Amino acid sequence: MLLIVGGGIAAYKALELTRLFRKASVGVRPVLTRAGAQFITSLSLSALAEEAVREDLFSLTDEARMGHIELSRSSDLVLVAPATADLMAKSANGLADDLASTVLLATDKPVMMAPAMNVRMWRHPATVRNLAKLKGDGVIFVGPDNGPMACGEFGPGRMAEPPAIFQAAMSALDDRPKPLAGKHVMVTAGPTAEPLDPVRILTNRSSGKQGYAIAAALSALGARVSLVSGPTALDAPAGVDRLMVETAEEMLKACRSRLPADAAVCVAAVSDWRAVEVFKSKLKKGPKGPPTLRLVENPDIVASLAARGPSRPKLVVGFAAETENLEAAGRAKLARKGCDWIVANDVSHGDIVGADDNEVLLLTAQAVERWPRAPKAEIARKLAEKIAGALA
Ligand code: C5P
């Protein structure tokens with residue numbers, strides 16, 4: 001791994017990232033930019049990397065040991081973390097005026113960037129342009145995340161957390177076969193939030209964990225993944241294209257906008273109902289007593305995607321959270337919604353929704369498979385492999 005550390009406050013996270021790689025026995029060859037060296041020292045970086053830090057393009061001693069062209073090709077992946085607006089701009093435009101930008105121009109290896117910058121810099125048309133150019137050049141992006149920033153502002157621009165970057169880099173380095181390469185899979189995840197008035201919503205306890213794990217597992221097998229997500233606190237899995245929505249109707253629209261897809265996996269806990277009338281001002285207590293909420297049924301997203309037609313994905317997978325008669329209820333749902341498979345889970349014990357484990361039945365038209373209790377990531381991996389088999 002060639003790790004280029006750019007100049008931003010997030011540079012301190014590059015130290016933790018280096019530690020994660022070394023713990024996993026991945027070699028780290030660090031390059032520190034001049035701006036990066038304003039935030040962390042080359043001593044800390046080299047101590048954690050167990051390798052000398054390269055900082056200067058024109059260092060005679062460094063160049064004598066390994067020239068910058070050789071350096072740029074000496075690792076399986078070039079990772080830029082943090083990738084500043086400046087480094088992105090240089091790389092997008094082919095500038096090479098220091099060691100980091102020269103390495104980025106000279107490399108023949110995959111490049112991954114973890115951007116970190118102020119939200120306005122991230123949203124500036126120049127950065128948006130550079131991002132599109134870099135994506136077009138095949139650069140893989142991790143993050144940025146949303147959240148409070150060191151500069152006091154809030155929004156997208158925080159560098160992804162070291163474990164997420166580590167995971168993304170490890171999957172980029174993973175040269176196992178990618179059976180879903182060239183396939184597009186849509187995943188819905190999380191709850192929906194149906195407004196009642198400007199401050200109140202109708203929602204549920206779905207965490208989104210299972211759907212996000214499935215999106216990540218499909219992406220790890222090489223699929224292009226569109227993740228249509230209701231409100232959750234989870235970060236988008238690396239390499240997955242996420243669309244955030246609130247209501248069931250928005251979720252359906254977002255799903256339709258992403259067709260065609262080879263497969264759709266509907267994991268979202270979509271609210272069955274929404275309010276007939278969304279009140280313009282906050283409902284208040286008063287002498288007339290509590291308000292009566294009138295509800296109307298939401299569109300069924302999985303049924304709508306599974307409906308016959310030219311844009312129907314080849315494989316449509318639904319989920320069924322049931323409290324009794326798991327198999328029978330799952331089978332009824334399979335028929336009613338017109339999907340190909342149903343993943344049914346028993347939520348009667350109250351320890352599945354929001355938890356890290358899951359225990360499911362996989363129902364197809366012909367068969368039923370009982371999968372033992374396992375972490376959601378493991379269930380996701382198994383399902384992704386099964387989907388790869390069905391799309392092969
Ligand atoms: O009918 P029920 O909500 O139990 O069905 C669950 C399955 O249907 C899940 O796959 C869920 O994502 C999907 N669903 C949907 N749109 C709805 C309701 C459920 O896509 N409005």
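Is Ser-25 buried or exposed? Let's work through that and two more exercises.

This is a predicted model, where local features need pLDDT of at least 70, side-chain atom pairs count only at pLDDT 80 or more, and totals for chains, interfaces and linings use all residues. Residues are numbered from 1 along each chain as its sequence is written.

**Exercise 1. Settle the Ser-25 question, then place the residue.**

Step 1: Know the cut-offs. A residue is buried if 20 or more other C-beta atoms lie within 10 Å of its own, exposed if 12 or fewer, and partly exposed in between, with C-beta atoms placed from the backbone.

Step 2: Ser-25 has 6 other C-beta atoms within 10 Å, so Ser-25 is exposed.

Step 3: Find Ser-25 in the loop between helix H1 (11–23) and strand S2 (29–32). Helices (H or I, at least four residues) and strands (E, at least two) are DSSP runs, numbered from the N terminus.

Step 4: Check the backbone: phi of Ser-25 is positive, near 60°, though the residue isn't glycine. Most residues other than glycine have a negative phi.

**Exercise 2. Do likewise for Glu-50.**

Step 1: Glu-50 has 10 C-beta neighbours inside 10 Å, so Glu-50 counts as exposed.

Step 2: Glu-50 sits in the loop between helix H2 (42–49) and helix H3 (60–65).

Step 3: Its phi is positive too, near 55°.

**Exercise 3. Describe the cis peptide bond at Pro-82 and the one at Pro-144.**

Step 1: Ala-81 and Pro-82 are joined by a cis bond with omega about -5°, and Pro-82 belongs to strand S3 (residues 78–83).

Step 2: Gly-143 to Pro-144 is cis, omega near 5°, and Pro-144 lies in the loop between strand S5 (140–141) and strand S6 (145–148).
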